[in-house]
Amino acid sequence: MNCLSKLYQIKYLDEAILLIRIWLGTIMLKHSGSYLFYGKVPELANFLESLNWPQPLVLAYASQISEFAAAILILLGFRFGAWMMTFTMGIAVLFAHSADIYAEAELPFNYFLFSLILSLTGCGKLSLDYFILNNLRRNS
């Protein structure tokens, strides 16, 4: 029984969380950066306008700036960035991709799940969140 329990111990949880952070952060920087820095925001605004969303250009910029900022925060290890990304990707899945998670919304839904996992677990010991909270505890 002891051997079986050792098999199912999570030894590298912080490293696994770090891998999720690095993947999600870099891919979302690439994705939102391509919209922000290569002139693709008007294309997104046209899509939002076709869905009859109010202020489509404002919402397009807001979503991409939010994704970009959240990606940076996730890479640095701030749980707040994961919550931001969870919210942004949730909106994208539900409204922009018709919540069709097995077809059109599959990729944004994966980003939503990764973000939700980070939101619920935290960013691990290899994060600025952990470092700052430990310093605050030590100093109080």
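**Helix packing and nonpolar cores in a predicted model**

Let me begin with a single residue, Lys30, which lies in helix H2, the helix that covers residues 13-37. Please keep in mind throughout that what we are looking at is a predicted model. Is Lys30 buried or exposed? Its relative accessible area is 61%, and because exposed means over 50%, Lys30 counts as exposed. Although Lys30 and Ala71 are 41 residues apart along the chain, their C-alpha atoms are separated by 9.4 Å.

That brings me to the way the helices pack. As a general point, when two helices pack together, we describe them by the angle between their axes and by the distance between those axes. For H2 and H4, the axes are 8 Å apart and the angle is about 150°, which makes H2 roughly antiparallel to H4. H2 passes H4 in a left-handed crossing, and if we sort the residues of this contact by class, we find 15 nonpolar, 6 polar and 2 charged.

Now, how does helix H3, residues 41-50, sit against helix H4, residues 56-76? Their axes come within 8 Å and cross at roughly 125°, and that makes H3 oblique to H4. The crossing of H3 past H4 is right-handed. On the H3 side, the residues that take part are Val41, Pro42, Leu44, Ala45, Leu48 and Glu49, and they meet Pro56, Leu57, Leu59, Ala60, Tyr61, Ser63 and Gln64 in H4. Of the residues in this contact, 10 are nonpolar, 2 are polar and 1 is charged.

Let me turn from pairs of helices to the cores. The largest nonpolar core has 14 residues, and those with the most contacts inside it are Leu24, Met28, Ile74, Met85, Met89, Tyr111 and Leu118. Which helices each supply at least two residues of this core? They are H2, H4, helix H5, which covers 79-96, and helix H6, which covers 106-121.

Met28 is a good residue to look at while you have the structure in front of you. If we leave aside its neighbours within four places in sequence, Met28 is in contact with Gly33, Glu67, Ala71, Met85, Met89 and Tyr111. Ala71 is also the residue whose C-alpha atom I compared with that of Lys30 a moment ago.

Finally, there is a second, separate core of 6 residues, and among them are Tyr35, Val41, Ala45 and Leu48. You have already heard Val41, Ala45 and Leu48 named as H3 residues that meet H4.

Methods: Residues are numbered from 1 along each chain as its sequence is written. This is a predicted model: local features need pLDDT of at least 70, side-chain atom pairs count only at pLDDT 80 or more; totals for chains, interfaces and linings use all residues. Side-chain values use heavy atoms; hydrogens and water are left out. Axes are lines fitted to C-alpha atoms, for helices over the stretch in contact, and angles run from 0 to 180 degrees between N-to-C directions. Helices (H or I, at least four residues) and strands (E, at least two) are DSSP runs, numbered from the N terminus. Angles under 35 degrees count as roughly parallel, over 145 as roughly antiparallel, 65 to 115 as roughly perpendicular and the rest as oblique. A crossing is left-handed if the near helix is turned anticlockwise from the far one by less than a right angle, and right-handed if clockwise. Contact means heavy atoms within 4.5 Å. Ala, Val, Leu, Ile, Met, Phe, Trp, Tyr, Cys and Pro count as nonpolar, Asp, Glu, Lys and Arg as charged, and the others, Gly among them, as polar. Buried means under 20% relative accessible area, exposed over 50%, partly exposed in between (1.4 Å probe, protein chains only). A nonpolar core is a set of buried Ala, Val, Leu, Ile, Met, Phe, Trp, Tyr and Cys residues joined through side-chain atoms within 4.5 Å.
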